[in-house]
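Hello,

Here is the structure I promised to pass on to you. Have a look at it first, and then read my notes below.

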Amino acid sequence: MRLADRMNNLGTETAFDCLCRAKALECTMDVVHLEIGEPDFDTPKHIREAAKRAIDEGYTHYGPSAGLPELRAAIAEYAGKLRGVHFTPEQVVVTPGGKPVMAFAIMALVEEGDEVIYPNPGFPIYESMIEYMGGTAVPIRLREDKDFRLDAEELASLVNPRTKLIVINSPCNPTGGVLTKDDLKLIAETAVKHNVWVLSDEIYSEILYDGVFESIVQNADVRERLIILDGFSKTYAMTGWRIGYGIMPPKMADMLARIQTNTNSCTATFTQRACLDALRGPREEVNRMLAEFKRRRDLIVEGLNNLRGFRCKLPAGAFYAFPNVEGTGLDCKVLAHRLLEEQGVACLAGTCFGKYGNGFLRFSYANSIENIGKALEKTEQLLKQI
Ligand code: PLP
């Protein structure tokens, strides 16, 4: 098979490999799934009903590449309110999941020799797509002693004339860390000063436990070079529906829509109609889910901190705990492997999220209180044998 050389640069998301192995093990043992990053709740009923209605109403055809006008307008209004700014529908591109915004933004901006600064530990697809497009992925370390925020001075020191793009993610996968208003201001200033684009991955914008959500878009100067990624997957438990969106300057939105015409044409139209109901409908189920995530966060973080050799920061957002496990004396990859194979606890080694994830594990607490309790007990059992 003779593939394009660039295929050698394409990485992957190892959470899916771990899920595959964990599913295979389930034939012989009980497995607690804390590896995959998706809410374990059902999509709220009114959204499901809206999708069924939309199919019956004939929303089964192609739609405009940038998204249905009514949904682009609703997203502009909703996302603007959440961030305290004004967006227009022309700034919005609806995509099949939030992930395509990441890929399309990098495709639109990055060429051979360009550098892109991205968070590490961070979502593995940033590095993968940057390298795939021939760019150089330059990690900025998220520091445990700064509650997994980045150091804005260090960021400024990494920027040079080849820097094309800075990727940020707050609340963050895998650390649960949140950037402060001051951090965002400094990042925006750096981007403006050096004429660099920013991709702000805000997919967890509404999975936040304390305070209000801060977006870099609140810094007006950065807006002309800013692409925001958000979507429905996490907030509305809609991972399998595949719908998300990007918000950016209208000219860039035209470019992303053109890439979409060239790749997947459009996002499914009945799911877009259902998302109108997600944005405008009742919030009770979403609020219940968030309250439950908070309960689980408190339980798992306390439990992890009681384990020998573990120490875990309290994550302010998303649904991941990211304990430092260096005190166990085991390599984090070995520990993750033994937890799965010997105890049936599926979690990810921090290195799945880049080199600065070494020494950590990621537990997704999108699972029941009962299962989280089981996972903690089983982890303790393994630690007794070490
Ligand atoms: N960005 C981050 C940080 C994520 O964790 C994820 C999913 O896990 C995505 C983007 C992609 O979201 P979607 O499932 O909507 O494509």
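What follows is a short tour of the ligand, its pocket and the cavities.

Please keep in mind that this is a predicted model.

Let me begin with the ligand. There are 14 residues surrounding it, and the closest are Gly98, Asp201, Tyr204, Ser233 and Lys234. By class, this shell is made up of five nonpolar, five polar and four charged residues.

Three polar contacts are good places to zoom in. At Gly98, a polar backbone atom lies 2.8 Å from an oxygen atom of the ligand. Asn173 uses its side chain instead: an N or O atom there is 2.8 Å from an oxygen atom of the ligand. For Asp201, the partner is a nitrogen atom of the ligand, 2.6 Å from an N or O atom of the side chain. On its own the ligand has 400 Å² of accessible area, and the protein covers 93% of that.

Where does the ligand sit? The space it takes is the largest pocket. That pocket holds about 460 Å³ of space. Its lining counts 27 residues, and those nearest the centre are Glu13, Gly37, Lys99, Phe123 and Lys234. Two elements give two or more residues to this lining, namely helix 1 (14-25) and helix 4 (99-109). Helix 1 gives the most, with three residues. Sorted by class, the pocket lining has 13 nonpolar, seven polar and seven charged residues. Lys234 is worth finding on your screen, as it is among the residues closest to the ligand and also among those nearest the centre of the pocket.

Now for the enclosed spaces. How many cavities of 30 Å³ or more does the structure hold? There are two.

The largest cavity has about 70 Å³ of space. Among the residues that line it are Pro119, Leu142, Phe148, Leu150 and Ile168, along with Asn169 and Thr175. Its lining divides into eight nonpolar and three polar residues, with no charged ones.

The second largest cavity has about 40 Å³ of space. Its lining includes Tyr78, Tyr236 and Tyr245, as well as Glu206 and Asp230. Here the classes come to five nonpolar, three polar and two charged residues.

If you only have a few minutes, I would start at Asp201, whose side chain has an N or O atom 2.6 Å from a nitrogen atom of the ligand, and then turn to the cavity lined by residues such as Phe148 and Leu150.

Enjoy exploring, and do write back with any questions.

Best wishes

Notes:
Residues are numbered from 1 along each chain as its sequence is written. This is a predicted model: local features need pLDDT of at least 70, side-chain atom pairs count only at pLDDT 80 or more; totals for chains, interfaces and linings use all residues. Side-chain values use heavy atoms; hydrogens and water are left out. A residue is near a molecule or strand if one of its heavy atoms lies within 4 Å of it. A polar contact is a pair of N or O atoms within 3.5 Å; within protein, one must be able to donate a hydrogen and the other to accept it, and residues adjacent in sequence count only if both atoms are side-chain atoms. Accessible areas come from the Shrake-Rupley method with a 1.4 Å probe; for residues, only the protein chains shown count as cover. On a 1 Å grid over the protein atoms alone, a cavity is a set of points where a 1.4 Å probe fits but cannot get out, and a pocket is an open set with protein on both sides within 12 Å along at least five of seven lines; lining residues have an atom within 4 Å of a point. A molecule sits in a cavity or pocket if more than half of its atoms lie within 2 Å of its grid points. Ala, Val, Leu, Ile, Met, Phe, Trp, Tyr, Cys and Pro count as nonpolar, Asp, Glu, Lys and Arg as charged, and the others, Gly among them, as polar. Grid points are joined across faces, edges and corners, and a volume is the space filled by probe spheres set on the points. Helices (H or I, at least four residues) and strands (E, at least two) are DSSP runs, numbered from the N terminus.
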